[in-house]
Amino acid sequence: MKTPITGPAVRMRRLRRNAAVRRLFAETTVELRNLVMPYFIVPGSGTLRETSTNSGLWQSSADKIADEVAPLVDAGVGGVMLFGVPDDKCDDGSKLEAQLGPTRAATEVLRKRFPELVLFADVCLCSFTSHGHCGVVHDGVIVNDESLALLAKMAVLLGSWGIDFVSPSDMMDGRVAAIRGALDEARLVDVGVLSYAVKMASAFYGPFRDAAHSAPQFGDRKSYQMPAGNRREARREWQLDVAEGADALLVKPALTNLDVIRDVREQSDLPIFAYQVSGERAVLVAAAERGLIDFARAMEETLLSIRRAGADVIVSYEARPRAMAARAR
Ligand code: PBG
């Protein structure tokens, strides 16, 4: 008779024995189809540049965007999100259509070359106005209801040019209803709304504001973006957007809001996006440059955590390097 050996009856390490076993039991993965790549569309021609080495933020003129995106499409990227960055600013919306010219050209060229590429476009005023706020400003105040008309106009223009999902990131009250109503009135019933439902006033947007020329020229965004500590208020925000007709919800920044992502996942059946914002990437790049962490492993870990929290899709500047790496293999 064998003497029973002593030791733990349950051994978790059986599931971690080697790479093949770990791969078999992986609960969460990050695939290219889960990632959406942002691009900053600038006026003129012949421009394709990363704002600084490894910032991950790419500015492209309309003539360069299709060749730029081709390898991403080839590798199976989930989609592309366009941010218009006009040179000339205008505070009353009268030049909106002209300001959006490059975005229109980019949209049309992408739509033509890649009929099934999922196209998102940001809807917000901060890159379009001289003051850099996300809504209309009168006497230093960001005026809610007047902003809605401009946001809705922007959404209709983008939808009419071939954008699949307009993505309001302005955080004005009632914008989802205003945009949905305007799209329907324009018979753009198939254009969806991906709402930046929970967007915190965050220190992690810095590099983006350089790339998008969108830094506020006075004050800050705290009268419209959310306070980072408020979980219940976050629930009210996304529930409102659901009621107003959002097709999908976005939470940002991602890594500082994993609990909020989890809340939305458990309480809503809408698709959930999380935006791994410019500063989240910058933190990893800077730490890796100082030799403190391994960038690739740290990046994978953050993306996995965001997916594990419940995000279906991650808007991330890592989509491009991942696609390039996948193609090189
Ligand atoms: C602006 C907008 C911002 C981001 C997306 N849309 C910046 C802001 O609110 O100032 C941030 C994205 C990033 O940092 O990568 N409406």
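These are short exercises on a predicted model, each with a worked solution.

**Exercise 1. Classify two loop neighbours**

Decide whether Thr53 is buried or exposed, and do likewise for Asn54.

Solution.
- Step 1. Place the residues. Thr53 is found in the loop between β2 (48–50) and β3 (58–61). Asn54 lies in the loop between β2 and β3.
- Step 2. Recall the cut-offs: buried is under 20% relative accessible area, exposed is over 50%, and partly exposed is in between.
- Step 3. Apply them. Thr53 has a relative accessible area of 72%, so it is exposed. Asn54 has 31%, so it is partly exposed.
- Step 4. Check the backbone of Asn54. Its phi is near 65°, a positive value in a residue that is not glycine.
- Step 5. Look across the model from Thr53. Its C-alpha atom is 39 Å from that of Ala178, and the two residues are 125 places apart along the chain.

**Exercise 2. Surroundings of a strand residue**

Find which residues Ser60 touches, leaving out those up to four places away in sequence.

Solution.
- Step 1. Locate Ser60. It lies in strand β3.
- Step 2. Read its accessibility. The value is 0%, so Ser60 counts as buried.
- Step 3. List the contacts. Ser60 touches Phe40, Ile41, Val42, Thr47, Leu48 and Ile65.
- Step 4. Follow one of these contacts onward. Ile65 is also among the α2 residues that touch α4.

**Exercise 3. Describe a helix pair**

State the angle and the axis distance at which α2 and α4 pack.

Solution.
- Step 1. Choose the descriptors. Two packed helices are described by the angle between their axes and by the distance between those axes.
- Step 2. Identify the helices. Helix α2 covers residues 62–75, and helix α4 covers residues 101–113.
- Step 3. Give the values. The angle is about 40°, and the axes are 8 Å apart.
- Step 4. Add the hand. The crossing of α2 and α4 is right-handed.
- Step 5. Name the contact residues. From α2 come Ala62, Ile65, Ala66, Asp67, Val69 and Ala70. From α4 come Pro102, Ala105, Ala106, Val109, Leu110 and Arg113.

**Exercise 4. Trace the salt bridges**

Say how many salt bridges the model has, then work through the pairs Glu68–Arg320, Asp164–Arg111 and Arg175–Asp170.

Solution.
- Step 1. Fix the criterion. A side-chain nitrogen of Lys or Arg must be within 4 Å of a carboxyl oxygen of Asp or Glu. The count comes to 14 salt bridges.
- Step 2. Take Glu68 and Arg320. Their side chains meet at 2.6 Å, N to O. Glu68 is in helix α2 and Arg320 is in helix α12 (residues 319–328), so this pair links distant parts of the chain, 252 residues apart.
- Step 3. Check burial. Glu68 is at 5% and is therefore buried. Arg320 is buried too, with a relative accessible area of 14%.
- Step 4. Take Asp164 and Arg111. The closest N and O atoms are 2.6 Å apart. Asp164 sits in the loop between α5 (144–161) and β8 (165–168), while Arg111 is in helix α4, 53 residues apart.
- Step 5. Check burial again. Asp164 is partly exposed at 26%, whereas Arg111 is buried at 19%.
- Step 6. Take Arg175 and Asp170. Their closest N and O atoms are 3.2 Å apart. Arg175 and Asp170 are both buried. Salt bridges with shared partners join Asp170, Arg175 and Asp241 into one network.

**Exercise 5. Backbone points to check**

Determine where Met171 lies and which peptide bond ending at Pro253 is cis.

Solution.
- Step 1. Place Met171. It is in the loop between β8 and α6 (175–185).
- Step 2. Read its phi. The angle is near 70°, positive in a residue other than glycine.
- Step 3. Read its accessibility. Met171 has 4%, so it is buried.
- Step 4. Turn to Pro253. The bond from Lys252 to Pro253 is cis, with omega near -10°. Pro253 lies in the loop between β10 (248–252) and α9 (258–267).

**Exercise 6. A nonpolar surface patch**

Name the residues that make the nonpolar surface patch of about 540 Å².

Solution.
- Step 1. List the members. They are Val10, Met12, Leu15, Leu24 and Phe25.
- Step 2. Place one of them. Leu15 lies in the segment before α1 (19–24).
- Step 3. Test Leu15. Its relative accessibility is 43%, so it counts as partly exposed.

Key
Residues are numbered from 1 along each chain as its sequence is written. This is a predicted model: local features need pLDDT of at least 70, side-chain atom pairs count only at pLDDT 80 or more; totals for chains, interfaces and linings use all residues. Side-chain values use heavy atoms; hydrogens and water are left out. Patches are made of residues with over 30% relative accessible area and no salt bridge: like charges are joined within 9 Å, nonpolar side chains (Val, Leu, Ile, Met, Phe, Trp, Tyr) within 5 Å. Accessible areas come from the Shrake-Rupley method with a 1.4 Å probe; for residues, only the protein chains shown count as cover. Helices (H or I, at least four residues) and strands (E, at least two) are DSSP runs, numbered from the N terminus. Buried means under 20% relative accessible area, exposed over 50%, partly exposed in between (1.4 Å probe, protein chains only). Axes are lines fitted to C-alpha atoms, for helices over the stretch in contact, and angles run from 0 to 180 degrees between N-to-C directions. A crossing is left-handed if the near helix is turned anticlockwise from the far one by less than a right angle, and right-handed if clockwise. Contact means heavy atoms within 4.5 Å.
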